[in-house]
Amino acid sequence: MSRIFAVTSGKGGVGKSTVAVGLASAFAARADKVLLVDMDEGFRCLDLMLGIDSKTVFDLSDILGGKDIDDAAYACDSVQNLYLIPAASKQGLIDIQQFKEFALKAACSFDIIIFDFPAGINPELYCALPEDTLFLAVAVPDPVSIRDAYQISRMLSEYSLPARLIINRFIHSQSRRTGFKNIDNIIDSSGIRLLGIIPESEELAMLSVTHKLKKHCRALLAFKRIAARLSGEQQLLPKLKKI
Ligand SMILES: Nc1ncnc2c1ncn2[C@@H]1O[C@H](COP(=O)(O)OP(=O)(O)OP(=O)(O)O)[C@@H](O)[C@H]1O
Ligand SMILES: [Mg+2]
């Protein structure tokens with residue numbers, strides 16, 4: 001049975017799509033067959049990030065309209081084992097019942113499915129995901145963003161939807177100024193279980209140009225630790241200065 005993750009945040013621009021691609025690449029490197037689903041209707045970006053925009057013809061709306069998943073799950077040339085379903089090109093095309101059926105069907109063909117949601121909260125769509133979906137709230141290390149992640153996790157818990165926190169764009173030399181002196185301090189201020197920390201990274205900033213992460217770059221190692229944790233392996237959080 002596949003494992004399903006939904007990447008979310010209240011605030012925009014915190015790095016959800018970047019985290020979705022990084023995490024998908026880390027799972028793909030473990031030889032999992034990974035499906036990324038771009039949920040940002042109208043503002044699709046994952047096809048560009050993965051460098052397959054020129055070959056995509058169909059998108060999520062076509063699948064919901066009856067097209068086979070295999071016809072619109074595009075293999076990413078730059079990352080083996082990784083497939084993308086591009087976002088619907090127009091907004092308001094997602095029928096909840098069809099989406100529910102699609103998510104269940106996709107779970108039969110892939111080991112890992114990662115839904116990259118746009119900023120903001122969409123309980124109707126979240127609740128249409130399969131029951132064991134884990135929500136990954138992304139925040140940057142500033143108190144406003146962390147509070148936002150906390151609000152998201154509270155809202156998700158009202159619907160009995162489980163969430164973990166991923167801190168993105170972490171810069172150790174700035175961590176004292178932003179009030180995050182150590183891991184415990186981050187965990188205390190967020191109020192959600194921390195899953196991992198992704199460093200500020202030139203590699204990630206350039207992802208839309210390079211379409212893949214270098215094998216040993218720190219960002220990919222951070223994503224690999226998260227993928228290992230999500231696969232049930234024990235992975236200690238490294239010291240903040242080593243992230
Ligand atoms: N760890 C990182 N290091 C450096 N740059 C990053 C990192 N994470 C994200 N970025 C950059 O931040 C910008 C926003 O990232 P991204 O598009 O992934 O955010 P988002 O949360 O998906 O945005 P939206 O809410 O619009 O969907 C991009 O330019 C991306 O390259
Ligand atoms: Mg995005």
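**Figure 1. Helices and strands of the whole chain.** In this predicted model, the chain contains 11 helices and 8 strands. Taken along the principal axes, its C-alpha atoms fill a box of roughly 50 × 40 × 30 Å. A compact globule of 243 residues would have a radius of gyration near 18 Å, and the 17 Å found for the chain agrees with that expectation. Buried residues account for 42% of the 243 residues, and among contacts with a separation of 6 or more, 79% join residues that are 24 or more positions apart.

**Figure 2. The open sheet and its edges.** The 8 strands of the sheet follow the order β3-β4-β2-β5-β1-β6-β7-β8, and their pairing is mixed. At the edges stand β3 (74–75) and β8 (194–199), each of which has a single partner strand, so that one side of each is left without a neighbour in the sheet. Strands of a sheet pair through backbone hydrogen bonds, and they may do so in a parallel or an antiparallel sense.

**Figure 3. Strand β5 between β2 and β1.** Strand β5, which spans residues 112–116, has 5 of its 5 residues buried and is therefore largely enclosed by the rest of the structure. Both of its faces are covered, with I112, I114 and D116 buried on one side and I113 and F115 buried on the other. Strand β2 (residues 34–38) pairs with β5 in the parallel sense over 5 bridges, and within this pairing V34 has I112 as its bridge partner. Strand β1 (residues 3–8) also runs parallel to β5, to which 5 bridges join it, and here the residue that stands opposite I112 is R3.

**Figure 4. I4 in strand β1.** I4 belongs to strand β1 and counts as buried because 23 C-beta neighbours lie inside 10 Å, where 20 or more are required. Apart from residues up to four places away in sequence, I4 touches A107, I113, L129, P130, D132 and T133; of these, I113 is a buried residue of β5. For a sense of distance across the model, the C-alpha atoms of I4 and G92, which are 88 residues apart along the chain, are separated by 23 Å.

**Figure 5. From β1 through β6 to β7.** Strand β1 is joined to β6 by 4 bridges, and the two strands run parallel; A6 has F135 in β6 as its bridge partner. Strand β6 (residues 134–139) is in turn joined to β7 by 5 bridges, again with the strands running parallel. In this second pairing F135 stands opposite A163, while V138 stands opposite I166. Strand β6 is mostly covered, since 5 of its 6 residues are buried.

**Figure 6. L165 in strand β7.** L165 is found in strand β7, and because 24 C-beta neighbours lie inside 10 Å, L165 counts as buried. When its neighbours within four places in sequence are left aside, L165 is in contact with A137, A139, A149, S190, I192, R193, L194 and L195. Among these contacts, A137 and A139 fall within β6 (residues 134–139), whereas L194 and L195 fall within the edge strand β8 (194–199). L165 and I186 are 21 residues apart in sequence, and their C-alpha atoms are 10 Å apart in space.

**Figure 7. The largest nonpolar core around V34.** In soluble globular proteins, nonpolar side chains tend to be buried together. The largest nonpolar core of this model has 76 residues, of which V34, L36 and I114 touch the most other members. Helix α1 (residues 16–29) provides the largest share of this core, with 8 residues. Leaving aside neighbours within four places in sequence, V34 is in contact with A24, F27, A28, N81, L82, Y83, F110, D111, I112 and I114, a list in which A24, F27 and A28 lie within the span of helix α1.

**Figure 8. The shell around ligand 1.** Ligand 1 is surrounded by 18 residues, the closest of which are G12, G15, K16, S17 and T18. At least two residues of this shell are supplied by each of α1, β7 (163–170) and α9 (202–205), and the largest share, 3 residues, comes from α1. By residue type, the shell divides into 6 nonpolar, 8 polar and 4 charged residues. Helix α1 thus appears in two of these views, as it also gives the largest share of the nonpolar core.

Conventions. Residues numbered from 1 in each chain as written. Chains lettered and ligands numbered in written order. Predicted model: local features only at pLDDT ≥ 70, side-chain atom pairs only at ≥ 80, totals over all residues. Core = buried A, V, L, I, M, F, W, Y, C linked by C-beta atoms within 7 Å. Buried ≥ 20, exposed ≤ 12 C-beta atoms within 10 Å, placed from the backbone. Contact = placed C-beta atoms within 7 Å. Near = placed C-beta within 6 Å. Nonpolar A, V, L, I, M, F, W, Y, C, P; charged D, E, K, R; others polar. Pairing = 2+ DSSP bridges. Rg over C-alpha atoms; globule rule 2.2 N^0.38 Å.
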